[in-house]
Amino acid sequence: MKKLLVSCCFLALFSELSADVVTKIVFKGLDRVEKEVVEDCVTIKPGKEYNEQDIDATIKAIFAKGFFSDVKISKVGDVLVIKCIEKQMI
């Protein structure tokens, strides 16, 4: 039983520490804001490892620009999809 518990803890820790790699980054929802504005905020680069901290930093940097009401990052295959919802203009 102890071995099973230790194995589960090790696997949980390993999955938290493991990094991922994407080959491409796609931006969705950019109507008024230029793609380059968002690209400058992205700390994740194609072909390089990234982790949850990189995703968190990227989302915070995009929000800090002040143009978006929501930002979501997902992975589809080996493509990172950054979906931004622009704030409404008055």
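## The aromatic pair

Let's start with Phe67, which is partly exposed, as its relative accessible area is 40%. Phe68 is a different story: with a relative accessible area of 2%, this residue counts as buried. This is a predicted model, and the structure contains one aromatic pair. Phe67 and Phe68 are its two partners, set edge-to-face with 6.4 Å from centre to centre and 85° between the planes.

## The overall layout

Stepping back, the protein has three helices and five strands. Going from the N terminus, the elements come in the order α-β-β-α-β-α-β-β. Of the 90 residues in the protein, 24% are buried. If you take the contacts with a separation of 6 or more, 50% of them are between residues 24 or more positions apart.

## Helix α3, end to end

Helix α3 covers residues 52–64. With 13 residues, α3 reaches 18 Å from its first C-alpha to its last, close to the 18 Å expected at 1.5 Å a residue. At the N-terminal end, Asn51 acts as a cap, with a side-chain oxygen 3.0 Å from the backbone nitrogen of Gln53. After the helix comes Gly66, which has a positive phi, near 85°.

Gln53 itself is part of α3 and counts as exposed because its relative accessibility is 56%. Thr43 sits ten residues away from Gln53 along the chain, and the C-alpha atoms of the two are 9.8 Å apart.

## Two sides of α3

Which residues of α3 are buried? They are Ile55, Thr58, Ile59 and Ile62. Looking down the axis of α3, these buried residues fall within an arc of 95°, so they line one face of the helix. The general background is handy here: an α-helix has 3.6 residues a turn, so residues three or four places apart point the same way. On the other side of α3 you'll find Gln53, Lys60 and Ala64, which are exposed.

What covers the buried residues of α3? The cover includes α2 (35–39) and β3 (49–50), along with β4 (68–76) and β5 (79–86).

## Thr58 up close

Thr58 belongs to helix α3, and its relative accessible area is 0%, so this residue is buried. Its side chain reaches back to the backbone oxygen of Asp54, at 2.9 Å. Setting aside neighbours within four places in sequence, Thr58 is in contact with Cys41, Val42, Thr43, Ile44 and Ile73. Thr43 has therefore turned up as a contact of Thr58, which is buried at 0% relative accessible area, and Thr43 also has its C-alpha 9.8 Å from that of Gln53.

## The nonpolar core

The largest nonpolar core has 18 residues, and the members that touch the most others are Ile25, Ile44, Ile62 and Ile82. Elements giving two or more residues to this core are β2 (24–28), α3, β4 and β5. As a general rule, nonpolar side chains in soluble globular proteins tend to be buried together.

Ile62 ties several of these threads together. It is one of the buried residues of α3, and one of the core members with the most contacts to other members. Leaving out residues up to four places away in sequence, Ile62 touches Val38, Cys41, Phe68, Val71, Ile82 and Cys84. That list brings us back to the aromatic pair: Phe68, a contact of Ile62, is the buried ring, while its partner Phe67 is partly exposed.

Terms used:
Residues numbered from 1 in each chain as written. Predicted model: local features only at pLDDT ≥ 70, side-chain atom pairs only at ≥ 80, totals over all residues. Heavy atoms only, no water. Helix = DSSP H or I, 4+ residues; strand = E, 2+ residues; numbered from the N terminus. Buried < 20%, exposed > 50% of the residue type's maximum accessible area, 1.4 Å probe, protein only. Polar contact = N/O pair within 3.5 Å; in protein donor to acceptor, adjacent residues only side chain to side chain. Contact = heavy atoms within 4.5 Å. Expected span 1.5 Å × (residues − 1). Arc of directions from axis to C-beta. Core = buried A, V, L, I, M, F, W, Y, C linked by side-chain atoms within 4.5 Å. Phe/Tyr/Trp six-rings, centres within 6.5 Å; stacked < 30°, edge-to-face > 60°.
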